[in-house]
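Subject: Structure handover

Hello,

Here is the structure for you to look through. My notes on it come after the sequence and the coordinates.

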Amino acid sequence: MQRLLLMFWLTFVGTACRAPDTSKVNAEGVFAVASLSFSRTLVGRERTLSVVVENRGRAATLLSFSTHAPFAVAPESLEVAGGGRAEVAVTFRPETVGEVTGRLTGSGVEGVATLNLSGEGVREETCVPSSPCVSALFDPESAGCVE
């Protein structure tokens with residue numbers, strides 16, 4: 001009986017004192033924001049924004065990223081130190097006029113996290129000034145001409 005109690009006690013102490021595995025990335029906490037919205041961008045041009053990724057564990061971990069056109073991500077993978085943060089560049093290059101949505105996927109040891117992406121492609125218009133003493137330029141933010 002004492003032998004059985006001793007084995008039970010050693011098993012309990014051995015499992016209770018084991019440190020929890022914190023080397024895994026919390027897939028829901030990989031991205032510091034829930035979405036990334038690009039302002040209006042001229043078709044054929046590109047706009048790049050950065051997004052912060054976090055490793056909430058104590059050990060370094062490898063994260064992989066992917067998305068689809070008209071969005072791109074760089075780097076496609078990186079190692080983030082335990083408790084560390086890093087930046088990933090997301091580029092929007094519209095191929096057509098109109099609003100576009102997509103997703104950035106981040107994969108770690110523990111799972112997958114997604115980040116919603118959105119942007120709008122606009123075509124540059126030829127702007128005609130209202131008078132000879134005024135110049136007119138196309139403003140992609142308003143998708144119109146500005147004098």
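The notes below go from the whole chain to its strands, then to the cores and some single residues. Please keep in mind that this is a predicted model.

Overall make-up

The protein chain contains one helix and 11 strands. The helix comes at the start of the pattern, which reads α-β-β-β-β-β-β-β-β-β-β-β along the sequence. The chain has 147 residues, and 29% of them count as buried. Its accessible surface is about 9,400 Å², with 54% of that belonging to carbon and sulfur atoms. Taking the contacts between residues at least 6 apart in sequence, 57% are between residues at least 24 apart.

Strand pairing

An open sheet is formed by three strands, in the order 3-7-5, with antiparallel pairing. Strand 3 (47-54) and strand 5 (71-74) are the edge strands, each pairing on one side only. From one strand to the next, the twist averages 30°. Strand 5 and strand 7 (residues 85-92) run antiparallel and are joined by four bridges. Within that pairing, Phe71 has Phe92 as its bridge partner.

Strand 9 (112-122) takes part in several other pairings. With strand 8 it pairs in the antiparallel sense over 10 bridges, and Glu99 has Glu120 in strand 9 as its bridge partner. Strand 8 and strand 9 make a hairpin, with four residues between them. Strand 1 (residues 35-37) runs parallel to strand 9, and three bridges join the two. One of the bridge pairs there is Ser35 with Asn116. Strand 2 (residues 41-42) also pairs with strand 9 in the parallel sense, over two bridges, and Leu42 stands opposite Val122.

Nonpolar cores

In soluble globular proteins, nonpolar side chains tend to be buried together. In this model the largest nonpolar core has 20 residues, of which Phe31, Val51, Val53, Phe65 and Leu104 touch the most other members. Strand 3, strand 4, strand 5, strand 6, strand 7, strand 8 (98-107) and strand 9 each give two or more residues to this core. Another core, of five residues, lies apart from it, and its members include Val122, Cys127, Ala136 and Phe138.

Leu104 shows how residues from several parts of the sequence come into contact. Leaving aside neighbours within four places in sequence, Leu104 is in contact with Phe31, Val51, Phe65, Ser66, Thr67, Val73, Val90, Ala113, Thr114, Leu115 and Leu117.

Buried polar side chains

Which side chains do Glu54 and Thr91 meet in polar contacts? Glu54 is in strand 3 and counts as buried, because its relative accessibility of 13% is under the 20% cut-off. Its side chain is joined to that of Arg85 by a polar contact of 3.2 Å.

Thr91 lies in strand 7. Thr91 is buried too, with a relative accessible area of 17%. The side chains of Thr91 and Thr48 make a polar contact at 3.0 Å. Beyond four places in sequence, the contacts of Thr91 are Phe38, Glu46, Arg47, Thr48, Pro70, Phe71 and Ala72.

Cis peptide bonds

There is a cis peptide bond between Ala69 and Pro70, with omega about 15°. Pro70, one of the contacts of Thr91, is in the loop between strand 4 (61-66) and strand 5. A cis peptide bond also joins Ala74 and Pro75, where omega is about -5°. Pro75 sits in the loop between strand 5 and strand 6 (77-80).

An exposed valine

Is Val128 buried or exposed? Val128 counts as exposed, because its relative accessibility of 67% is over the 50% cut-off. Val128 is found in the loop between strand 9 and strand 10 (137-139). Not counting residues up to four places away in sequence, Val128 touches Ala136 and Glu147. Ala136 is among the members of the five-residue core. Phe138, also among the members of that core, is 10 residues from Val128 in sequence, and the C-alpha to C-alpha distance between the two is 9.7 Å.

Regards

Definitions and conventions: Residues are numbered from 1 along each chain as its sequence is written. This is a predicted model: local features need pLDDT of at least 70, side-chain atom pairs count only at pLDDT 80 or more; totals for chains, interfaces and linings use all residues. Side-chain values use heavy atoms; hydrogens and water are left out. Two strands pair if DSSP finds at least two bridges between them. Axes are lines fitted to C-alpha atoms, for helices over the stretch in contact, and angles run from 0 to 180 degrees between N-to-C directions. Buried means under 20% relative accessible area, exposed over 50%, partly exposed in between (1.4 Å probe, protein chains only). Contact means heavy atoms within 4.5 Å. Accessible areas come from the Shrake-Rupley method with a 1.4 Å probe; for residues, only the protein chains shown count as cover. A polar contact is a pair of N or O atoms within 3.5 Å; within protein, one must be able to donate a hydrogen and the other to accept it, and residues adjacent in sequence count only if both atoms are side-chain atoms. A nonpolar core is a set of buried Ala, Val, Leu, Ile, Met, Phe, Trp, Tyr and Cys residues joined through side-chain atoms within 4.5 Å.
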